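This report describes selected packing features of one protein model, beginning with its aromatic pairs and continuing with helix contacts and a pocket.

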Amino acid sequence: MLEANEYTRVMQKLYGKSLILENPSEFHPVLYFYFIDALSHIDYTLTVLSYSPMSPRNIMSMEYLRWRVDEAKVGERALFPDFINWLKAEHPEKFDELPLLWSGIYDSDDPAQYRSFRIVLDPDQKSAFPAGYLSTFIDEFFDPKFIKQLYTTSSLARLFDEYARTRSA
């Protein structure tokens, strides 16, 4: 590993987080999948910036994320990207409450994307990914107000279920 730099400090922040006071078994399955997916992409982006790209850690992460790409196409999970755009159009207040990473990656009008599993905010930007963004993403995903939205009884989960019902009919 490289000497402690801004990315390794953000990685320590990520691994200092915990869901110990939550009950993930009661999380909405699609929202939970994309929650873990986002954390995996944050982790991968951090490790690419902190470790050698061919380190065992990065190789394992690439394999795991490759599996997740296929899993994202299974069942109602495939509806999630369109759901984010539907929220933007139909429930902008709920869209504005989403973590920046979700709203950026899945908003069809935003250039942000996952490229080779790394988070890329602007494909035309050539400078290093700012560590501060990764830190912000972590804060948003572990914000207690957001975590509450992952539960099956939350308003976000109910909106997703409503959206999925209208797409399955």
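The structure, a predicted model, holds 23 aromatic pairs. One of them is formed by Phe35 and Phe146, whose ring centres lie 6.4 Å apart with 40 degrees between the planes, a tilted arrangement. This pair links distant parts of the chain, as Phe35 belongs to helix 2 and Phe146 to helix 8 (residues 144–148), with the two positions 111 residues apart.

Two helix contacts are set out below.

| Helices | Axes | Crossing angle |
|---|---|---|
| Helix 1 (residues 6–15) and helix 7 (residues 131–141) | 9 Å apart | about 5 degrees |
| Helix 4 (residues 80–90) and helix 9 (residues 155–168) | within 10 Å | roughly 110 degrees |

How are helix 1 and helix 7 oriented to each other? Their angle is about 5 degrees, and angles under 35 degrees count as roughly parallel; helix 1 and helix 7 are therefore roughly parallel to each other. On the side of helix 1, the contact is made by Glu6, Tyr7, Val10, Lys13 and Leu14. Helix 7 contributes Ala131, Leu134, Ser135, Ile138 and Asp139. By class, the residues of this contact divide into 6 nonpolar, 1 polar and 3 charged.

The axes of helix 4 and helix 9 cross at roughly 110 degrees. Angles of 65 to 115 degrees count as roughly perpendicular, so helix 4 and helix 9 are roughly perpendicular to each other. In this contact, Phe80, Asp82, Phe83, Trp86 and Leu87 of helix 4 meet Leu156, Leu159, Phe160, Glu162, Tyr163 and Arg167 of helix 9. The contact of helix 4 with helix 9 has 8 nonpolar and 3 charged residues, and no polar ones.

The remaining feature is a pocket. The largest pocket encloses about 360 Å³ of space, and 17 residues line it. Which of these lining residues lie nearest its centre? They are Val120, Gln125, Ser127, Ala128 and Phe129. The elements that give two or more residues to the lining are helix 2 (29–50) and strand 2 (118–120). Helix 2 is also the element that holds Phe35 of the tilted aromatic pair. By class, the lining of the largest pocket comprises 10 nonpolar, 3 polar and 4 charged residues.

Methods
Residues numbered from 1 in each chain as written. Predicted model: local features only at pLDDT ≥ 70, side-chain atom pairs only at ≥ 80, totals over all residues. Heavy atoms only, no water. 1 Å grid on protein atoms, 1.4 Å probe; cavity = no way out; pocket = protein on both sides within 12 Å on 5 of 7 lines; lining within 4 Å. Points joined across faces, edges and corners; volume = space filled by probe spheres on them. Helix = DSSP H or I, 4+ residues; strand = E, 2+ residues; numbered from the N terminus. Nonpolar A, V, L, I, M, F, W, Y, C, P; charged D, E, K, R; others polar. Axes fitted to C-alpha atoms, helices over the stretch in contact; angles between N-to-C directions. Parallel < 35°, antiparallel > 145°, perpendicular 65-115°, else oblique. Contact = heavy atoms within 4.5 Å. Phe/Tyr/Trp six-rings, centres within 6.5 Å; stacked < 30°, edge-to-face > 60°.
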